[in-house]
Amino acid sequence: MSSIEHNDPLNARILAISEDKIQGFVREPFAEIAERSGVPLDTVIERIRVMLAAGTIRRVRQTLVATNLAQGALVAWKVPEEKLTESFDLMFREDPFSGHVVIRSTDGNTAGSEYRLWTTVKAPAGFSIEEHCRLLAGRVGAERFRVMPARGIFALGVGHVRRKTIEPGEKSDEPASMLPTGVVELNDLEWQVLLALKREFAVDEIAPSPWTRRAAEAGVPLETFCEVAESLNARKVIGRFSTFLEHVKPSAAGVRVTRFNGLFHWAVPAGMEVRAGSEVGRHHILTHCYWREAGPEFRNVNIMAVAHGTEKELLLEHKRAIDRHLESCGIPVNYTNVFWGGRSEIKPSEISPVVYREWLERFQPKPSAAR
């Protein structure tokens, strides 16, 4: 049983690389994981297959920088308490454009605490994210929703295994660089390759030369497939090749990767968002860090970050270390808060305009919708 768990020593060596260290498009991703982890390729393939089949690894896939492919946002939903479970289920099961679906709470009655349901949403090119949210709101009976597009990205990774040993305050030597957001237009061939590239790997696809079958699926020669993927990578469309752990639910043996996740909020003065995000985003504990405008409902929070861990108090100590660092940099914080994650489901957000048009034909909203 231990060979399927993330904390098996050999698995931990593999996962420390495979979670979020293989950046961009790589022609032989499993060989790259083997080389960087020091584990033989045959063993890497065997262990990833076993963990994927057991559910320890939730999915294996080439990620995309979806903010560069479709309009995207974090959305907070104010839903009547009696409709919270139903709303969660609908957005997870019936909306392929909602990715992370999380029920969150705060440690008190704080700004925005009535917004319990949080999702990430993508609207493919040619469609409106506001209109999409209005459709969803009409179906679930949401009273209000707040759309918060990313205006800049300072940290984006996973790496739960290697983050277990990070001490509060550990950070990069230099501030994080901000990745700006903006939708990149693709031609038909690029979409053809991209849709085959991003599909999740089945267990039997965990093998050397994994893109051979994907090139055949896209209907192009392997060399063409790789050249297009490398071109997309150069245009900042490709994210990382990643093995995603099931970090919310326990494994078959009851082992959890994490128990808590905190969505950290900071409100800094207008004009200081880039500097503040760069200083927050350099902290190693964070899996995500964004500049987002949350508005008056959330006391004008504009920097958000996410951290995961097994102990709530330790996560709070990590946040206090970030707070102290901001103070030492002379960056005023007008307000701060933490939204804790509860029930959570995660799936890749669909970004295809074709899929969106098909979905619109099936999805029947109720006549009224929230703002």
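The paragraphs below lead through a predicted model, beginning with its sheet and going on to helices and loops.

Strands of a sheet pair through backbone hydrogen bonds, and the pairing can be either parallel or antiparallel. In this model nine strands make up an open sheet, whose order is E6-E3-E5-E4-E12-E9-E11-E10-E7 and whose pairing is antiparallel. At its edges lie strand E6 (144-148) and strand E7 (150-156), each of which pairs on one side only. From one strand to the next, the twist averages 25°.

Following the order of the sheet, the reader can look at some of the pairings one by one. Strand E4, which covers residues 98-105, runs antiparallel to strand E12, residues 335-345, and the two are joined by four bridges; within this pairing, Val102 of E4 has Ser344 of E12 opposite it. On passing to strand E9 (residues 260-267), one finds that E9 also pairs with E12 in the antiparallel sense, here over six bridges, and that Gly262 stands opposite Trp340 of E12. At the E7 edge of the sheet, E7 is paired with E10 over five bridges, again in the antiparallel sense, and Leu156 faces His288 in E10 as its opposite residue.

Two helices pack on this sheet. Helix H10 (residues 273-281) touches E7, E9, E10 and E11, and its direction makes about 175° with that of E10. Helix H11 (residues 312-328) touches E9, E10, E11 and E12, while its direction makes about 25° with that of E9.

How do these helices lie with respect to one another? Two packed helices are described by the angle between their axes and by the distance between those axes. For H10 and H11, the axes come within 10 Å and cross at roughly 135°, and H10 is therefore oblique to H11. The crossing of H10 and H11 is right-handed. On the H10 side the contact is made by Ala276, Glu279 and Val280, and on the H11 side by Ile322, His325 and Leu326; the residues of this contact divide into four nonpolar, one polar and one charged.

Another helix pair can be described in the manner just used. Helix H4 (residues 84-93) and helix H5 (residues 129-140) have axes that come within 10 Å and cross at roughly 140°, so that H4 is oblique to H5. This crossing of H4 and H5 is right-handed, and its contact is made by Ser87, Leu90 and Met91 of H4 together with Leu136, Arg139 and Val140 of H5. The residues of the contact of H4 with H5 divide into four nonpolar, one polar and one charged.

The loops hold two residues that deserve a look at their backbone angles. Most residues other than glycine have a negative phi. Lys236, however, which is found in the loop between helix H9 (222-234) and strand E8 (238-245), has a phi near 65°, a positive value in a residue that is not glycine. Lys236 has a relative accessible area of 52% and therefore counts as exposed, the cut-off for that word being over 50%. Asn300, in the loop between strand E10 (286-292) and strand E11 (303-309), likewise has a positive phi, of about 60°, although Asn300 is not a glycine. With a relative accessible area of 47%, Asn300 is partly exposed, because that term covers values between 20% and 50%.

Technical notes
Residues numbered from 1 in each chain as written. Predicted model: local features only at pLDDT ≥ 70, side-chain atom pairs only at ≥ 80, totals over all residues. Heavy atoms only, no water. Pairing = 2+ DSSP bridges. Axes fitted to C-alpha atoms, helices over the stretch in contact; angles between N-to-C directions. Parallel < 35°, antiparallel > 145°, perpendicular 65-115°, else oblique. Left-handed = near helix turned anticlockwise from the far one by under 90°. Contact = heavy atoms within 4.5 Å. Nonpolar A, V, L, I, M, F, W, Y, C, P; charged D, E, K, R; others polar. Buried < 20%, exposed > 50% of the residue type's maximum accessible area, 1.4 Å probe, protein only.
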